[in-house]
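The following report describes selected features of one protein model, beginning with a single side-chain contact and moving outward to the sheets.

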Amino acid sequence: MELIFETAQKDRRGYSLPPIDVELRKPEDIIPSEYVREELNIPQLSELDVIRHFTKLSQLNYAVDTTMIPLGSCTMKYNPRIGEEIASFSKFKNVHPLSPSESVQGTLRIAYELKELLKELGGFAEVSLQPAAGAQGELLGLLLIRAYHKDRGNSDKKKILIPDSAHGTNPATAKLCGFDVVTVKSDTNGELSWEDFLKKLDDEVAALMITNPNTLGIFERNIKRMAEKLHEKDALLYMDGANFNALVGIAKPGEWGVDVMHFNLHKTFATPHGGGGPGSGPVGVSEKLKDYLPTPQVEYDGRKYYLNYNIPKSVGRLLAFHGHFSVWIKALVYILMCGNEIDNVAKYAVLNARYLKYLLKGIFRDPYPQSPCMHEFVLSAVNLLRYKVTAADIAKRLLDYGFYAPTMYFPLVVREALMIEPTETENPDTLKAFAVVMEKIVKEARDNPEILKKSPQKTPVKRIKEAEANRKPIFRFRVEKDGVKAPLA
């Protein structure tokens with residue numbers, strides 16, 4: 001595939017601008033010379049050239065529209081097109097965040113109804129829609145926890161307990177908010193060790209951050225007991241909502257004693273995931289934390305919807321405006337489409353994962369055979385190391401068979417981990433086809449491991465040197481009048 005600069009030719013145009021009817025001023029007359037941008041060297045192409053270039057690029061992608069994407073802990077489900085259609089309505093696209101509340105009552109109603117539905121599904125006292133992504137939802141959660149302890153004079157609350165199987169964002173967010181991270185071990189069942197939890201729960205603990213089901217796809221059965229023990233110490237329970245797809249419509253974390261949890265609208269609630277966003281990470285809280293939520297909150301007084309800025313203990317804003325409105329629309333559409341049968345999302349997600357795990361039984365090592373999986377599961381390719389084949393080799397080979405790869409090498413507690421999440425939107429035929437391909441790959445690993453080492457062969461980009469690509473990435477090309485020159489790192 002050529003770079004767009006390489007297909008460009010001088011004096012090709014894909015647009016026509018109207019005549020200039022204002023006096024032109026030179027940039028240096030307005031902007032100091034040191035801030036004036038150099039010539040952009042924009043490639044010159046016709047409209048058709050541009051369309052064909054980007055259409056061909058799109059055809060090189062793996063997408064849920066063309067193949068199953070079993071990335072564990074990502075919930076890469078199919079996104080119904082009706083959400084995209086409704087979110088693209090002109091009156092939604094063109095609404096301005098500074099519009100007077102009286103002129104955008106419908107918009108505020110959408111935000112309010114989504115907030116109320118998330119409160120109901122999560123079992124929380126209140127929800128903030130503001131966070132722009134799951135990671136920012138985590139940030140808000142920790143800021144709320146910090147504000148709660150500061151307000152109560154708990155200056156000694158400096159520790160956050162985090163499982164050794166946690167998402168990497170959990171310890172990163174805790175550190176960003178000024179807490180010390182204390183790691184809690186997993187037990188032989190893949191759950192958080194009750195004994196290690198009690199050992200590390202002292203008066204300096206501000207909160208426990210836990211994912212349930214956890215990143216091993218296993219339900220944390222002690223979560224209510226953990227909440228009780230934390231609350232005895234005036235500590236809080238944060239739940240990472242990345243795996244809420246296994247619970248939606250079935251269980252309410254707020255009823256377990258969870259004090260704060262972020263929802264991933266781009267996971268559980270079928271808004272597009274990947275490509276950098278936009279995401280959305282609303283946060284649900286218990287009564288203890290509702291007074292610290294960011295402003296404004298969308299409220300309804302029985303007659304009109306309005307933005308409430310009167311939250312005296314608020315941690316402040318996370319964004320210049322109110323959140324990713326188009327993502328809220330898609331999530332609301334999805335919830336209303338599911339209606340009272342939204343529990344089927346979780347039921348079929350769990351059923352698909354358990355069925356696929358059964359189909360893969362004996363092909364890979366199961367690190368926790370005694371623990372039933374929920375919506376995802378983790379297998380280990382350690383049994384193939386004898387053939388010098390790794391989890392990465394298996395993932396690369398899957399691409400040649402038309403399937404996207406599962407998550408690799410995570411969680412870190414499982415050696416040569418393959419983390420697989422089929423989601424509820426895949427049918428049994430697809431799951432069986434995936435299992436057949438996996439079995440073929442394992443046979444190849446035994447009989448001819450070099451095939452795997454040289455994979456993928458059918459993709460536009462073959463096997464790259466990943467360590468070198470991370471350390472010396474190429475982000476741009478030097479473009480001069482005579483064409484494309486050597487790439488610059």
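## A polar contact at Asp164

The side chains of Asp164 and Ser186 are joined by a polar contact of 2.5 Å, a value that, like the others in this report, comes from a predicted model. Asp164 itself sits in the loop that lies between strand E2 and helix H8, the latter spanning residues 169-176.

Beyond the residues within four places of it in sequence, Asp164 is in contact with Thr183, Val184, Lys185, Ser186 and Val413. Because its relative accessibility is 26%, and buried would require a value under 20% while exposed would require one over 50%, Asp164 is classed as partly exposed. Ser128 lies 36 residues from Asp164 in sequence, and the C-alpha atoms of Asp164 and Ser128 are 29 Å apart in space.

## The seven-stranded sheet

An open sheet of mixed pairing is built from seven strands, which follow one another in the order E1-E7-E6-E5-E4-E2-E3. The edges are occupied by strand E1 (126-128) and strand E3 (180-184), and because each of these has a single partner strand, one side of each is left without a neighbour in the sheet. From one strand to the next, the twist averages 25°.

Within this sheet, strand E6 (residues 260-263) and strand E7 (residues 283-285) are paired in the antiparallel sense, with three bridges between them; Val260 has Val285 of E7 as its bridge partner.

## A helix across the sheet

Helix H7, which covers residues 134-151, lies across E1, strand E2 (159-163), strand E4 (205-211), strand E5 (236-241), E6 and E7. Relative to E5, helix H7 runs at about 175°.

## Strand E12 and its partners

Strand E12 (residues 417-420) is covered on both faces, with Ala417 and Met419 buried on one side and Leu418 and Ile420 buried on the other.

Strand E10 (residues 377-380) pairs with E12 in the antiparallel sense over four bridges, and in this pairing the bridge partner of Leu379 is Leu418 of E12. Strand E11 (residues 407-408) also runs antiparallel to E12, to which it is joined by two bridges, and here Thr407 stands opposite Met419. Leu418 and Met419, which serve as partners in these two pairings, are thus among the buried residues of E12, on opposite faces of the strand.

Note on methods:
Residues numbered from 1 in each chain as written. Predicted model: local features only at pLDDT ≥ 70, side-chain atom pairs only at ≥ 80, totals over all residues. Heavy atoms only, no water. Pairing = 2+ DSSP bridges. Axes fitted to C-alpha atoms, helices over the stretch in contact; angles between N-to-C directions. Contact = heavy atoms within 4.5 Å. Buried < 20%, exposed > 50% of the residue type's maximum accessible area, 1.4 Å probe, protein only. Polar contact = N/O pair within 3.5 Å; in protein donor to acceptor, adjacent residues only side chain to side chain.
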